[in-house]
Amino acid sequence: MSRYFSSSSLRLRSRSSTDLLAAHCQSCHGEPVKGAPVSLVTYAQLVAKSVKDPKKSYAERSLLRMSDAMSPMPPGPAPTVPQKEIDAFSAWVAAGPTSMP
């Protein structure tokens, strides 16, 4: 498991979701952040309302950005997130906070 995740910080039921964030997001959105406007390390950070769109959580905005051809995350030249990983993260986001143990 990523050095950023523990049972006390981000309790995602899906290991693939934690792996996705560790592999594709936390080089910039870790703690401390490196050029990114927000950290995506803890469960609280992921479910917090986005400053840019308060109707969405940072997790929901992350999903949108992963699939956005005009403004993708992670940005180039980093490789895009494989669709299988996006689908697993999407399932966790869709399940909402009740998917926590």
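From the N terminus on, the elements of the chain follow the order α-α-α-α-α. In this predicted model, the secondary structure thus amounts to five helices and zero strands.

A few totals help to set the scene for the chain as a whole. It has 101 residues, and 39% of them count as buried. The accessible surface is about 6,000 Å², with 60% of this area belonging to carbon and sulfur atoms. Turning to contacts with a separation of 6 or more, 43% are made by residues 24 or more positions apart.

Helix α4 offers a pleasant case to look at in detail. This helix spans residues 58-66, and its buried residues are Tyr58, Ala59, Ser62, Leu63 and Met66. Because these residues cover an arc of only 145° around the axis, they lie on the same side of α4.

Just as worth a look is Lys56, which sits in the loop between α3 (residues 43-47) and α4. Is this lysine, Lys56, buried or exposed? Neither label applies: Lys56 has a relative accessible area of 28% and so counts as partly exposed, since that class lies between the buried limit of under 20% and the exposed limit of over 50%. Which residues does Lys56 touch, leaving aside neighbours within four places in sequence? The contacts of Lys56 are with Ala48, Lys49, Ser50, Arg61 and Leu64. Of these partners, Arg61 and Leu64 carry numbers that fall within the span of α4, residues 58-66.

How values were computed: Residues numbered from 1 in each chain as written. Predicted model: local features only at pLDDT ≥ 70, side-chain atom pairs only at ≥ 80, totals over all residues. Heavy atoms only, no water. Helix = DSSP H or I, 4+ residues; strand = E, 2+ residues; numbered from the N terminus. Buried < 20%, exposed > 50% of the residue type's maximum accessible area, 1.4 Å probe, protein only. Contact = heavy atoms within 4.5 Å. Areas by Shrake-Rupley, 256 points an atom, 1.4 Å probe, with all protein chains shown as cover. Arc of directions from axis to C-beta.
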